[in-house]
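Subject: Structure for you to look at

Dear colleague,

Here is the structure I promised to pass on to you, together with its sequence. Please have it open while you read, since my notes below refer to individual residues.

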Amino acid sequence: MSARSIGRGRCPKCGREGSVVIKMVGGKEYVYVKHGRTWHYIGPLEKIDVNEILREPTTTLPLKETETLNIHGEKMNEETKSLNKTVVEVIALILVAVGTGILLLTIFASIILPYLVAFWSVSSVNIATGFSTMIEDTTKAYLIYSPIRSASISIQSDNAYFKILAVPLYTAMSILNATQSQELETHISPSDLRVKPIKTSDIQGLMQSFFGNYTSYDIQLDTNQALLVWPYKLQTKPTSLSFYTSRSLTGSEQPQPNSFQPLSMSIILISLAPRLILAVSLIIGGYLLYRWSKK
Ligand SMILES: [Zn+2]
């Protein structure tokens, strides 16, 4: 015969508190509640719900070997479970940390990118380069073309007036092939705009078509166009003619003051959206995992 206490509890017989004891008699187990020296018999273990009686389970009294093994097994399970839970918690925290990192980087990028885009576009618009050439007489004209990409050109004269004529690029090419001018062609970056001095005698047939009376002229030149500039009236000799260019943005790149910023912002948001979604998923996933591990 063996007896073991499984904890404190309220006695269903007398209502007092006592130690809930299970006695083994002849291979059967019976439940008692012990109040000091008084034992109250409750009934066979299989017919009693000890959980209804128990208040505070304890393992202070010696337990049966099989039970001890069971409890030990459960303890092992508990340890394994808590270890697993710790691993899950660490994974959950890593997920949240990685998600937060990606989120912060993405937010940082979304703040920085517009400035980068703005800087890039501003620098590409504002880099104006050019050159000036001395004009001694009115026998020279300047053929301007931009075969690589369209470019905006600003032409300015100093104490001189010029006329202009826009021609197709193929006309410009035939003029270039025919010209007697030995003067070098000048390339102006960043558009690779080209300015070639030619002799007015090379373009006799076109001289009647020149028009205007400019000291300053701006034009957007496409790759299939060319511009002839002829300083026809010099107030001082020599004087100078200057050519400036800036890279021209094409298509959607065109900096239209009001539409440019939202456009680039939406592009940035679209490009960052996958990362945002990934970051948020990681954080939510990690949080759910963490909560699950705490259950
Ligand atoms: Zn009792």
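I begin at the N-terminal end, where strand S1 (residues 2-10) pairs with strand S2 (residues 17-25) in the antiparallel sense over eight bridges. Please keep in mind throughout that this is a predicted model. Within that pairing, Arg-10 has Glu-17 of S2 as its bridge partner. The two strands form a hairpin with six residues between them, and in the turn Gly-15 has a positive phi of about 85 degrees. S2 is also joined by seven bridges to strand S3 (residues 28-35), and these two run antiparallel, with Lys-23 bridged to Tyr-30 in S3. S2 and S3 likewise form a hairpin, here with two residues between them, and Gly-26 in the turn has a positive phi of about 60 degrees.

As for the chain overall, its secondary structure comes to four helices and 15 strands, and 19% of its 295 residues count as buried. Of the contacts with a separation of 6 or more, 76% are between residues 24 or more positions apart.

The largest nonpolar core has 28 residues, and those that touch the most other members are Ala-141, Leu-143, Ile-144, Ile-153, Leu-227, Leu-228 and Val-229. At least two residues of this core come from each of strand S7 (140-145), S8, S9, helix H3 (169-178), strand S11 (193-199), S14 and S15. Apart from it lies another core, of eight residues, including Ile-6, Ile-22, Val-31 and Ile-42. To return to Leu-143, if residues up to four places away in sequence are not counted, this residue touches Ala-172, Ile-175, Leu-176, Lys-196, Ile-198, Ala-226 and Leu-228.

Two details of the backbone deserve a look. Most residues other than glycine have a negative phi, and most peptide bonds are trans. Asn-159, however, which lies in the loop between strand S8 (151-158) and strand S9 (160-168), has a positive phi, near 60 degrees. Asn-159 has 14 other C-beta atoms within 10 Å and is therefore partly exposed, since that class lies between the limits of 12 or fewer for exposed and 20 or more for buried. The peptide bond from Lys-237 to Pro-238 is cis, with omega near -5 degrees, and Pro-238 lies in the loop between strand S14 (225-234) and strand S15 (239-247).

Another residue to find is Asn-84, in helix H2 (residues 65-126). Asn-84 counts as exposed because 11 other C-beta atoms lie within 10 Å, where 12 or fewer is the limit for that class. Asn-84 and Ser-293 are 209 residues apart in sequence, yet their C-alpha atoms are 8.6 Å apart in space.

Finally, a word on confidence. The mean pLDDT of the protein chain is 79, and 78% of its residues reach 70 or more. Over residues 60-75 the pLDDT is below 50, and this stretch has ten contacts in the model beyond near neighbours in sequence. Residues 121-127 also have a pLDDT below 50, with eleven contacts beyond near neighbours in sequence. Where pLDDT is low, the predicted coordinates should not be read in detail.

With best wishes

Note on methods:
Residues are numbered from 1 along each chain as its sequence is written. This is a predicted model: local features need pLDDT of at least 70, side-chain atom pairs count only at pLDDT 80 or more; totals for chains, interfaces and linings use all residues. A nonpolar core is a set of buried Ala, Val, Leu, Ile, Met, Phe, Trp, Tyr and Cys residues joined through C-beta atoms within 7 Å. Two residues are in contact if their C-beta atoms, placed from the backbone, lie within 7 Å. pLDDT is the predictor's confidence in each residue, from 0 to 100. Two strands pair if DSSP finds at least two bridges between them.
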